[in-house]
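Welcome! Take a moment to look over the sequence and the model, and then we will walk through a few parts of it together.

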Amino acid sequence: MSRRTTLLPSRLPIDPYILALLGTVGLAALLPASGTAATVAGGASTAAIALLFFLYGARLSTREALDGLQHWRLHLTVLSCTFLVFPLLGLAAKGLVPAVLTPPLYSGLLFLCLVPSTVQSSIAFTSIARGNVPAAICAGSFSSLAGILLTPLLAAALLGGGAGGFSADSLLKIVLQLLLPFVAGQLLRPWVGAFLVRRKKVLGYVDRGSILLVVYAAFSQGMVAGIWHQVTPARLGLLLVVEAVLLALMLTLSWYGAKRLGFGRADRIAIQFAGSKKSLAAGLPMAGVLFGAQASLAVLPLMLFHQMQLIVCAVIAKRRARDPEPTPPETRAETRAEPRAETSTEPPAGTRAEARAGTRAEAPAAPVGSPPAPDRQPSVGTTSTHP
């Protein structure tokens with residue numbers, strides 16, 4: 001029994017934070033904030049979002065980001081997967097409406113395709129699979145930074161009025177709640193950066209607590225508005241199937257596409273994990289700003305996809321870790337050269353004739369009592385073997 005308990009987390013990597021999110025959703029379903037409580041929760045949620053992006057800006061090292069630009073082909077590949085291939089697949093999924101997905105669920109699925117990549121889990125899985133960890137760190141950081149600008153712009157272009165009535169007012173909210181706190185964090189980083197690094201663990205709880213508050217406020221609004229009656233268990237099952245296909249496509253395209261582009265194994269691992277994943281931490285606050293009262297349904301596909309990608313990528317990372325170590329090119333060249341060196345030691349034709357003549361000249365020792373053999377001296381330098 002104890003052995004099963006020990007193996008269960010490695011076989012079924014359920015993120016405890018996902019359990020906390022599900023508990024928050026359950027709390028919002030049982031005790032939704034309404035009236036004055038909803039106003040307070042909404043104000044606290046707005047402040048939490050601003051605090052999150054201030055901390056993002058204050059902790060992002062500008063020097064590390066600039067140093068990581070040296071591997072620009074890899075980062076460009078990850079950004080293309082995140083903000084080009086994913087959105088194209090999301091647009092292609094519009095053909096599933098309304099037979100498979102309802103319009104609100106499709107809006108959430110398309111929003112999922114616009115969210116930046118993860119940082120922590122991409123680094124962790126790349127490390128487990130023995131990939132290029134520094135590249136994964138920079139790729140995740142670049143994706144998060146680009147997502148602050150690209151995700152709202154792509155949502156305005158692709159979702160239009162579906163993003164909770166996206167308008168100039170929504171764009172102003174994005175600037176005030178996301179961009180300004182992030183820029184303020186970057187500007188104040190020389191003074192507060194060291195303080196935040198020393199208290200990294202405590203600030204991790206602040207990050208997660210802020211996101212839980214955002215989720216509670218969003219799902220409370222959804223419960224009060226009654227939008228959860230639009231979702232049936234059958235629709236949720238179909239949504240899971242669609243997301244499983246989406247994840248499988250991105251894992252395949254990022255792995256084999258990176259191979260076609262000439263990347264090595266370590267870089268391909270970083271590209272696969274950073275280019276096929278989506279950030280729940282960055283997506284939830286953005287959804288709260290973009291979708292308003294519709295945010296509860298909009299973030300549902302992202303929450304499901306996040307847990308799915310953790311489970312699938314954990315399995316892939318462990319399988320990659322069992323792959324044999326790739327042989328360096330120098331070692332392969334030496335290995336190929338060794339057999340040729342051994343087989344090319346045969347002497348030239350003239351030398352072979354001399355060797356045969358010398359071999360025939362060496363007569364075996366005569367047994368005791370036999371008459372002595374006549375002396376025969378081979379002519380040195382001749383190639384003829386006739387007596």
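## The overall picture

What share of the contacts in the protein with a separation of 6 or more is accounted for by residues 24 or more positions apart? The answer is 87%. Keep in mind as you read that this is a predicted model.

The protein has 16 helices and zero strands. Of its 387 residues, 39% are buried.

## A loop residue at 0%

Let us start with Val 115, which you will find in the loop between α6 (103-114) and α7 (120-128). Is Val 115 buried or exposed? With a relative accessible area of 0%, Val 115 is buried, because the cut-off for that word is under 20%.

Which residues surround Val 115 once its neighbours within four places in sequence are left aside? Val 115 is in contact with Thr 82, Phe 83, Thr 151, Lys 278, Ser 279, Gly 283 and Leu 302. Take Lys 278 from that list: 163 residues separate Lys 278 from Val 115 in sequence, yet their C-alpha atoms are 6.0 Å apart in space.

## Helix α5 and its bend

Two of the contacts of Val 115, Thr 82 and Phe 83, also appear among the buried residues of α5. The others buried in this helix are Leu 74, His 75, Thr 77, Val 78, Cys 81, Phe 86, Pro 87 and Gly 90.

Helix α5 covers residues 72-92, 21 residues in total. At 1.5 Å a residue, α5 should span 30 Å, and its end C-alpha atoms are 29 Å apart, so the two values agree. There is also a bend of about 35° in α5, located at Cys 81.

## Two helix pairs

Now for some packing. Helix α3 (residues 36-59) packs with helix α13 (residues 280-291) at an angle of about 140°, and their axes are 10 Å apart. This angle is not over 145, the cut-off for roughly antiparallel, so α3 and α13 count as oblique to each other. The crossing of α3 past α13 is left-handed. On the α3 side, Ile 49, Leu 52, Phe 53 and Tyr 56 take part; they meet Ala 281, Ala 282, Pro 285, Met 286 and Val 289 of α13.

How are α7 and helix α14 (residues 295-321) arranged? Their axes lie 8 Å apart at an angle of about 25°, and α7 and α14 are therefore roughly parallel to each other. Here Ser 121, Phe 125 and Ile 128 of α7 meet residues of α14 including Leu 310, Cys 313, Ala 314 and Ala 317.

Definitions and conventions:
Residues are numbered from 1 along each chain as its sequence is written. This is a predicted model: local features need pLDDT of at least 70, side-chain atom pairs count only at pLDDT 80 or more; totals for chains, interfaces and linings use all residues. Side-chain values use heavy atoms; hydrogens and water are left out. Helices (H or I, at least four residues) and strands (E, at least two) are DSSP runs, numbered from the N terminus. Buried means under 20% relative accessible area, exposed over 50%, partly exposed in between (1.4 Å probe, protein chains only). Contact means heavy atoms within 4.5 Å. The expected span of a helix is 1.5 Å times one less than its number of residues. The bend at a residue is the angle between axes fitted to the seven residues ending there and the seven starting there. Axes are lines fitted to C-alpha atoms, for helices over the stretch in contact, and angles run from 0 to 180 degrees between N-to-C directions. Angles under 35 degrees count as roughly parallel, over 145 as roughly antiparallel, 65 to 115 as roughly perpendicular and the rest as oblique. A crossing is left-handed if the near helix is turned anticlockwise from the far one by less than a right angle, and right-handed if clockwise.
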